[in-house]
Amino acid sequence: MWYKGVLRENYVAEILNNKYKELYYWQLDSVYEVDFLINVDGDIIPIEVKASDNTTSKSLNYYIQRYKPKYSIRISTKNFGFANNLKSIPLYASLMFSRYFVNELRSIKLLTSKNSSNSGGIVTT
């Protein structure tokens with residue numbers, strides 16, 4: 001059901017729009033696409049929304065490899081997790097994103113070293 005992904009992306013977009021007035025996405029050569037990019041204290045953070053338990057994301061992996069963000073976020077049906085600077089957030093908890101996760105992500109930022117890479121082909125939505 002292709003529409004599940006569209007509905008979940010729009011749900012997350014609405015939540016993010018309450019905190020971040022400008023939402024962006026990243027696309028490269030119509031092959032790679034990251035759903036959202038947000039600016040947290042000057043750091044560009046990629047966010048990928050997955051519609052199922054299949055959380056494989058070649059686009060997010062490529063973005064991480066190419067631009068080396070301090071951390072990234074994956075929102076899916078899976079439970080909370082954090083590994084390799086990838087924060088996994090269950091869809092049901094994304095509603096609290098603007099209150100809880102931004103503060104948590106800022107604390108992650110304090111624990112990671114400064115990364116001077118930029119985020120390339122950012123496109124506004």
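Accessible areas in this talk come from the Shrake-Rupley method with a 1.4 Å probe. On that basis, the protein exposes about 7,300 Å², and carbon and sulfur atoms supply 51% of this area. I should state at once that we are looking at a predicted model.

Let me begin with the overall architecture. The secondary structure comprises three helices and seven strands. Read from the N terminus, the elements follow the order α-β-β-β-α-β-β-β-α-β. The protein has 125 residues, of which 42% count as buried. Among the contacts with a separation of 6 or more, 56% are between residues 24 or more positions apart.

I turn now to helix α2, which spans residues 58–67. Which of its residues are buried? They are Ser59, Leu60, Tyr63 and Tyr67. These residues cover an arc of only 95° around the axis, and therefore they sit on the same side of α2. Lys58 and Gln65, on the other side of the helix, are exposed. What covers the buried residues of α2? The cover includes strands β1 (24–28), β2 (32–40) and β3 (43–49), together with β4 (72–76) and β6. Just after the helix, Lys68 takes a positive phi of about 50°.

The aromatic residues deserve separate attention. The structure holds six aromatic pairs. One of them is formed by Trp26 and Tyr62, whose ring centres are 6.1 Å apart. Why is this pair classed as stacked? The planes of the two rings stand at 20°, and planes under 30 degrees apart count as stacked. This pair links distant parts of the chain, since Trp26 is in strand β1 and Tyr62 is in helix α2, 36 residues apart. As for burial, Trp26 has a relative accessible area of 1% and is buried, whereas Tyr62, with a relative accessible area of 24%, is partly exposed.

Trp26 also forms an aromatic pair with Tyr63. Here the geometry is edge-to-face, with 5.1 Å from centre to centre and 75° between the planes. Trp26 lies in strand β1 and Tyr63 in helix α2, so this pair ties together parts that are 37 residues apart in sequence. Both Trp26 and Tyr63 are buried. Trp26, Tyr62 and Tyr63 belong, with Tyr32 and Tyr67, to one aromatic cluster. Tyr63 and Tyr67 were also named among the buried residues of α2.

Let us move to the surface. Which residues make the nonpolar surface patch of about 290 Å²? The patch is made by Tyr11, Leu95 and Met96. Met96 is found in the loop between β6 (86–90) and α3 (97–111). Is Met96 buried or partly exposed? Met96 is partly exposed, because its relative accessible area is 41% and the class of partly exposed residues lies between 20% and 50%.

My last residue is Val6, which lies in helix α1, residues 3–19. Val6 likewise counts as partly exposed, at 40% relative accessibility. How far from Val49 is Val6 in sequence and in space? The two are 43 residues apart in sequence and 9.4 Å apart in space, C-alpha to C-alpha.

To close, I would return to helix α2. Its buried residues lie on the same side, and Tyr62, Tyr63 and Tyr67 are part of the aromatic cluster that also includes Trp26.

How values were computed. Residues are numbered from 1 along each chain as its sequence is written. This is a predicted model: local features need pLDDT of at least 70, side-chain atom pairs count only at pLDDT 80 or more; totals for chains, interfaces and linings use all residues. Side-chain values use heavy atoms; hydrogens and water are left out. Patches are made of residues with over 30% relative accessible area and no salt bridge: like charges are joined within 9 Å, nonpolar side chains (Val, Leu, Ile, Met, Phe, Trp, Tyr) within 5 Å. A salt bridge is a side-chain nitrogen of Lys or Arg within 4 Å of a carboxyl oxygen of Asp or Glu. Helices (H or I, at least four residues) and strands (E, at least two) are DSSP runs, numbered from the N terminus. Buried means under 20% relative accessible area, exposed over 50%, partly exposed in between (1.4 Å probe, protein chains only). Contact means heavy atoms within 4.5 Å. The arc is that of the directions from the helix axis to the C-beta atoms. Rings of Phe, Tyr and Trp (its six-membered ring) pair if their centres lie within 6.5 Å; planes under 30 degrees apart count as stacked, over 60 as edge-to-face and the rest as tilted.
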